[in-house]
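Thanks for asking me to look this one over. Here are my notes, set out as numbered points so you can follow along on screen.

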Amino acid sequence: MIPLHPFVKEIWAWFRSLAAAFVLTLAIGMFVFQPTKVLGHSMDPTLHNEQRIYVSKLSHTFRQEPDYGDIVIIDSRVERQRTLKDDVLEHPLLRLVLGNEDPNMYVKRVIGKPGDVIELKDSKVYRNGTALEEPYINGTMNIREERSWTVPEGHIFVMGDNRNNSRDSREIGFIPFDHVLGIKF
C-alpha cells in the first residue's frame, strides 16, 4: 500500500471532522432542540412575525403529550402521516441551505388535550364547561357561531393567541401527537 502524503492525511482529517459535526448538528436539530422563526401574526401579542424562538424537540422524539398553555410548533398537514424523511427535510440546516421556510409549520398554543370538550361561546373558549382565563390573547374573540369539539385520543386542540387572525384547530382540525414538532422553551 502506498503511504499517503501528509497534506492528503490532513485534508482527510478535516473532512472527517466536518462530516461528524454535520451529522451531530443534524441529530441535535432533529431530536433535541432547534431554532425556528414565527411566520405571521397569529400569536400576537405573545410572539411576533419574524421572531426567532427555540423549541425542545424531545416531546416529538418521545411522542409526549404537551401541557395546557404550551406554545407548540405543529405540522398543519394533519391529513397525512409524518415520516422520518419529513424530520430530515424540515431541519433548519437544510432549510438554510435551500433558502426556504415551511408554510406548513405553525406556532400555536395548546388549548385541549384528549377527552376535553372545547366550546366557543360568548366570545370565550370553554374547556370542559369552564371558561379559560386567557390574559395572553389579543383582544376579544369574534365568534360567528357557537361550536364545540371533543378532542380524540392521541390529539390536541390548538389556537393562536390572535384569535381573530389565526388558522388553527378550528379550521384544520385536531393535531396528532406526531405532528407536534416541538415545544417552545
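1. In which strand is the place of phenylalanine 33? Phenylalanine 33 belongs to strand β1. Please keep in mind throughout that this is a predicted model.

2. Is phenylalanine 33 buried, exposed or partly exposed? Its relative accessibility is 37%. Phenylalanine 33 is called partly exposed because that value falls between the 20% limit for buried and the 50% limit for exposed.

3. Now for the neighbours of this side of the chain. Leaving aside residues up to four places away in sequence, phenylalanine 33 touches Ile28, Tyr54, Val55, Ser56, Lys57 and Phe185. Leucine 18 makes a useful reference point: 15 residues separate leucine 18 from phenylalanine 33 in sequence, and their C-alpha atoms are 20 Å apart in space.

4. On to the pockets. The largest pocket holds about 350 Å³ of space, and 15 residues line it. Leu120, Asn142, Ile143, Arg144 and Arg170 are the lining residues nearest the centre of this pocket. The elements contributing two or more lining residues here are β8 (147-150) and α5 (169-172).

5. You may like the make-up of that lining. By class, the largest pocket is lined by 7 charged, 4 polar and 4 nonpolar residues.

6. The second largest pocket has a volume of about 270 Å³. Its lining counts 20 residues, and those closest to the centre are Leu39, Gly40, Met105, Tyr106 and Val107. At least two lining residues come from each of β1 (33-37) and β4 (105-112), so do look at the strand of phenylalanine 33 again here, since β1 is where that residue sits.7. Which element gives the most to the lining of the second largest pocket? That is β4, with 4 residues. By class, this lining divides into 8 nonpolar, 6 polar and 6 charged residues.

8. A word on the aromatic rings. The structure holds 4 aromatic pairs. One aromatic cluster is formed by Trp149, Phe157 and Phe174.

9. Two positive side chains also deserve a look. Arginine 109 lies over the face of tyrosine 136, at 3.7 Å from the ring centre. Lysine 121 lies over the face of tyrosine 126, at 4.9 Å from the ring centre.

Note on methods
Residues numbered from 1 in each chain as written. Predicted model: local features only at pLDDT ≥ 70, side-chain atom pairs only at ≥ 80, totals over all residues. Heavy atoms only, no water. 1 Å grid on protein atoms, 1.4 Å probe; cavity = no way out; pocket = protein on both sides within 12 Å on 5 of 7 lines; lining within 4 Å. Points joined across faces, edges and corners; volume = space filled by probe spheres on them. Nonpolar A, V, L, I, M, F, W, Y, C, P; charged D, E, K, R; others polar. Buried < 20%, exposed > 50% of the residue type's maximum accessible area, 1.4 Å probe, protein only. Contact = heavy atoms within 4.5 Å. Phe/Tyr/Trp six-rings, centres within 6.5 Å; stacked < 30°, edge-to-face > 60°. Lys NZ or Arg CZ within 6 Å of the ring centre and 35° of its normal.
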